[in-house]
Amino acid sequence: MRKNIVAGNWKMNKTLQEGVALATELNEALKNKTVNCDVIIAPPFIHLASVVNAIDTEKIGVSAQNCADKPEGAYTGEVSAKMVASTGAKYVIIGHSERRTYYHETPEILKEKVLLALANGLTPIFCIGEVLAEREADKHFEVVKSQIEQSLFNLSKEDFGKLILAYEPVWAIGTGKTATAAQAQEMHAFIRKTVADKYGKDTAEDLSVLYGGSCNASNAKELFANPDVDGGLIGGASLSVDKFMPIIEAF
Ligand SMILES: O=C(CO)COP(=O)(O)O
């Protein structure tokens, strides 16, 4: 079902103690409030179980930032989708541009991660987005379409319907340079059309497509006001309740 969602990707920030404190503070801030979106936080792996225990998971969903592309076994340092699910986390971010770029995650690897996440009952938050050179060469639609096709179009209609997508133009991540509301809307509408062409209008209409990239309290309202922008995947501004709450309240 299509929902408004504000998700915070903490990336590699916060010690365990700081992370639990942040989650607890957010939980307090949301306790007696009605908000018009689902709230998700994505702390580092080692925080997941403690964060789940510290909050009301009916109010705040918990996500991992990644999972392994193998189900289990001799893969030193990896964390499987099954392990993520065993902490009580319900979501997993897959295909973030930082994973694609710094850890060389290919579309094939991401495809495996999505399948394992779904097999373990996790909702993938699948990230797509072009780099600056691709936008400047007017290839951004082509790039995003191919990212979706290569890692997700193997899924059945039913499984595709379980996904959340996040459009994160790489040039907007951590740069303070946000896509304009019009650029976001244009791409989100294109993503929905790409999905509609493959899976039908109903699946496309039910899909939540989040925007990510320097989204903050000052631009969230304008971005979320677009008909095809169903919320945000927030990096830097999710690291304090003071900055994150106004984004949640932008809906
Ligand atoms: O990458 C992001 C979320 O996944 C966006 O990060 P920033 O909000 O810090 O630009």
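**Exercise 1. The two sides of α9**

Task: In this predicted model, which exposed residues does the face of α9 turned away from its buried side carry? Then establish where the buried residues of α9 sit.

Solution.
- Step 1. Ala182 and Asp197 are the exposed residues on the face turned away from the buried side of α9.
- Step 2. List the buried set of α9: Ala184, Met187, His188, Ile191, Arg192, Val195 and Tyr199. These buried residues cover an arc of only 140° around the axis, so they lie on the same side of α9.
- Step 3. Recall the general geometry. An α-helix has 3.6 residues a turn, so residues three or four places apart point the same way.
- Step 4. Find the packing partners. The buried residues of α9 pack against α7 (140-152), α8 (157-160) and β6 (164-167), and also against α10 (201-206), β7 (208-212) and α11 (220-224).

**Exercise 2. Checking helix lengths**

Task: What spans should α9 and α7 have at 1.5 Å a residue, and how far apart are their end C-alpha atoms?

Solution.
- Step 1. Helix α9 covers residues 181-199, which is 19 residues. The expected span takes 1.5 Å times one less than the number of residues. For α9 that gives 27 Å.
- Step 2. The end C-alpha atoms of α9 are 26 Å apart, which agrees.
- Step 3. Helix α7 has 13 residues and should span 18 Å. Its end C-alpha atoms are 18 Å apart, again in agreement.
- Step 4. Look just past the end of α9. Gly200 takes a positive phi of about 100° there.

**Exercise 3. The buried side of α7**

Task: Which residues of α7 are buried, and what do they pack against?

Solution.
- Step 1. The buried residues of α7 are His140, Val144, Gln147, Ile148, Ser151 and Leu152. They cover an arc of only 95° around the axis, which places them on the same side of α7.
- Step 2. Their packing partners are α5 (107-119), β5 (123-128), α6 (132-136), α8 and α9.
- Step 3. Zoom in on Ile148, a residue of helix α7. Ile148 counts as buried because it has 20 C-beta neighbours inside 10 Å.
- Step 4. Leave aside neighbours within four places in sequence. Ile148 is then in contact with Ile128, Phe153 and Thr194.
- Step 5. Compare sequence and space. Ile148 and Phe126 are 22 residues apart in sequence, with 8.9 Å between their C-alpha atoms.

**Exercise 4. The nonpolar core**

Task: How many residues does the largest nonpolar core have, and which have the most contacts inside it?

Solution.
- Step 1. The largest nonpolar core has 73 residues. Val92, Ile125, Phe126 and Leu165 have the most contacts inside it.
- Step 2. Follow Leu165. Beyond its neighbours within four places in sequence, Leu165 is in contact with Phe126, Ile128, Ile191, Leu207 and Val209.
- Step 3. Turn to Ile94 in strand β4 (residues 91-94). Ile94 has 30 C-beta neighbours inside 10 Å, so it counts as buried.
- Step 4. Apply the same sequence filter to Ile94. Its contacts include Leu110, Val114, Ile125 and Phe126.

**Exercise 5. One face of α12**

Task: Where do the buried residues of α12 point, and what covers them?

Solution.
- Step 1. In α12 (residues 241-248), Phe244, Ile247 and Ile248 are buried. Seen down the axis, these residues fall within an arc of 100°, so they line one face of α12.
- Step 2. The cover includes β1 (5-9), α1 (16-31), β2 (38-42), α11 and β8 (231-234).

**Exercise 6. Loop residues and phi**

Task: What phi values do Lys14 and Asp138 have, and how exposed is each residue?

Solution.
- Step 1. Most residues other than glycine have a negative phi.
- Step 2. Lys14 has a positive phi of about 80°, although it is not a glycine. Lys14 sits in the loop between β1 and α1. It is partly exposed, with 18 other C-beta atoms within 10 Å.
- Step 3. Asp138 has a positive phi of about 60° and is not a glycine either. Its loop runs between α6 and α7. With 8 other C-beta atoms within 10 Å, Asp138 is exposed.

**Exercise 7. The ligand shell**

Task: How many residues surround the ligand, and how do they divide by class?

Solution.
- Step 1. The ligand is surrounded by 14 residues. The closest are Asn9, Ile173, Gly212, Gly235 and Gly236.
- Step 2. By class, the shell has eight polar, five nonpolar and one charged residues.

Note on methods
Residues are numbered from 1 along each chain as its sequence is written. This is a predicted model: local features need pLDDT of at least 70, side-chain atom pairs count only at pLDDT 80 or more; totals for chains, interfaces and linings use all residues. A residue is near a molecule or strand if its C-beta atom, placed from the backbone, lies within 6 Å of it. Ala, Val, Leu, Ile, Met, Phe, Trp, Tyr, Cys and Pro count as nonpolar, Asp, Glu, Lys and Arg as charged, and the others, Gly among them, as polar. Helices (H or I, at least four residues) and strands (E, at least two) are DSSP runs, numbered from the N terminus. A residue is buried if 20 or more other C-beta atoms lie within 10 Å of its own, exposed if 12 or fewer, and partly exposed in between; C-beta atoms are placed from the backbone. The arc is that of the directions from the helix axis to the C-beta atoms. Two residues are in contact if their C-beta atoms, placed from the backbone, lie within 7 Å. A nonpolar core is a set of buried Ala, Val, Leu, Ile, Met, Phe, Trp, Tyr and Cys residues joined through C-beta atoms within 7 Å.
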